[in-house]
Amino acid sequence: MILTLLAWFLPLAHALSPIEDNSFFINEGYNQDTGVVQIVQGFQWAPIAQDWSHVATVEIPIANEKHQLSVQSSLQHQGTASTLVEFGDLFVSYQHWLVHGESVHLTPRIGLYFPTGSYARSAGSGTIGVSAGTSFTVNFSEKLAHHWSL
C-alpha cells in the first residue's frame with residue numbers, strides 16, 4: 001500500500017514548483033504580477049459564543065509589480081444576543097518591491113488603520129494606527145522557496 005502511494009506521488013512531487021503566491025499563509029517578498037488583483041479572505045467562527053468574523057484583503061498592483069496597494073476590511077458578529085453585523089476597522093497599506101534579485105526578494109510595507117469599526121461595540125480600535133514591516137523571500141533552489149514576514 002505504501003509503495004503504491006509512493007509510486008503515485010513521487011512523480012508529482014518531482015513536478016512541483018515552490019509555493020510562490022501564498023498570501024493566505026504569510027506575505028511573500030514580492031508583489032502581485034502587473035494586471036493581477038488578488039483577493040485573500042479569511043473566516044473565523046466560534047460556535048459556542050456564536051461569534052464570527054470575515055476578513056477580506058484586496059491586493060492591487062499600481063502601474064507595475066514594484067508597487068502594490070492593499071486594502072483590508074472586515075465584518076463581524078458578536079454573540080447570540082445580537083443580530084447586528086458590524087464593519088471593523090479599515091487597513092490600507094503600500095508595499096514596494098525593493099530587492100528583486102534572482103533568488104532574494106524584499107518588500108517593505110507601511111500601512112494605516114482607520115477607525116471605521118465601532119469601538120463601543122468592540123468592532124474597532126477607536127483610533128488611527130500605523131503598521132510597518134517587511135517581507136523577505138529566498139529561493140534556495142528551483143523547487144524550494146522560503147518566506148519570512150517581519
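Is Trp52 buried, exposed or partly exposed? At 25% relative accessibility, Trp52 is partly exposed, where buried stands for under 20% relative accessible area, exposed for over 50% and partly exposed for the range in between (1.4 Å probe, protein chains only). The model is a predicted one, in which local features need pLDDT of at least 70 and side-chain atom pairs count only at pLDDT 80 or more, while totals for chains, interfaces and linings use all residues. Residues are numbered from 1 along each chain as its sequence is written, and side-chain values use heavy atoms, with hydrogens and water left out.

**Chain overview**

The protein chain contains one helix and nine strands, both taken as DSSP runs (helices H or I, at least four residues; strands E, at least two) and numbered from the N terminus. Along the sequence the pattern reads α-β-β-β-β-β-β-β-β-β. Of its 150 residues, 29% are buried. Among contacts (heavy atoms within 4.5 Å) with a separation of 6 or more, 46% involve residues 24 or more positions apart. The exposed area of the protein chain is about 9,800 Å², and carbon and sulfur atoms supply 67% of that area. Accessible areas come from the Shrake-Rupley method with a 1.4 Å probe; for residues, only the protein chains shown count as cover.

**Strand pairing**

Strands pair if DSSP finds at least two bridges between them. The table lists pairings that involve strand 7.

| Strands | Sense | Bridges | Opposite residues |
|---|---|---|---|
| Strand 5 and strand 7 | antiparallel | six bridges | Ser93 and Gly111 |
| Strand 6 and strand 7 | antiparallel | two bridges | His100 and His105 |
| Strand 7 and strand 8 | antiparallel | ten bridges | His105 and Thr137 |

His105 thus appears with His100 as its bridge partner and also stands opposite Thr137 in strand 8. Strand 6 and strand 7 form a hairpin, with three residues between them. Gly101 is in the loop between these two strands and is partly exposed, at 30% relative accessible area. The C-alpha atom of Gly101 is 9.8 Å from that of Asn139, 38 residues apart along the chain.

**Salt bridge**

One salt bridge is present in the structure, defined as a side-chain nitrogen of Lys or Arg within 4 Å of a carboxyl oxygen of Asp or Glu. Its partners are Glu86 and Arg121, at 2.3 Å from N to O. Glu86 belongs to strand 4 (residues 85-87) and Arg121 to the loop between strand 7 (104-114) and strand 8 (129-139), so the pair ties together parts that are 35 residues apart in sequence. Glu86 is buried at 11% relative accessible area, whereas Arg121 is partly exposed at 47%.

**Aromatic pairs and nonpolar patch**

There are three aromatic pairs, counted for rings of Phe, Tyr and Trp (its six-membered ring) with centres within 6.5 Å; planes under 30 degrees apart are stacked, over 60 edge-to-face and the rest tilted. One of them, Phe43 with Trp52, is stacked, with 6.0 Å centre to centre and 25° between the planes. Phe43 is exposed, at 56% relative accessibility.

A nonpolar surface patch consists of Ile62, Tyr94, Ile110, Leu112, Phe114, Ile128 and Val130, which together have about 620 Å² of accessible area. Patches are made of residues with over 30% relative accessible area and no salt bridge, joining like charges within 9 Å and nonpolar side chains (Val, Leu, Ile, Met, Phe, Trp, Tyr) within 5 Å. Strand 7 supplies the largest share of the nonpolar patch, three residues. Ile62 lies in strand 2 (residues 51-62) and is partly exposed, with a relative accessible area of 36%.
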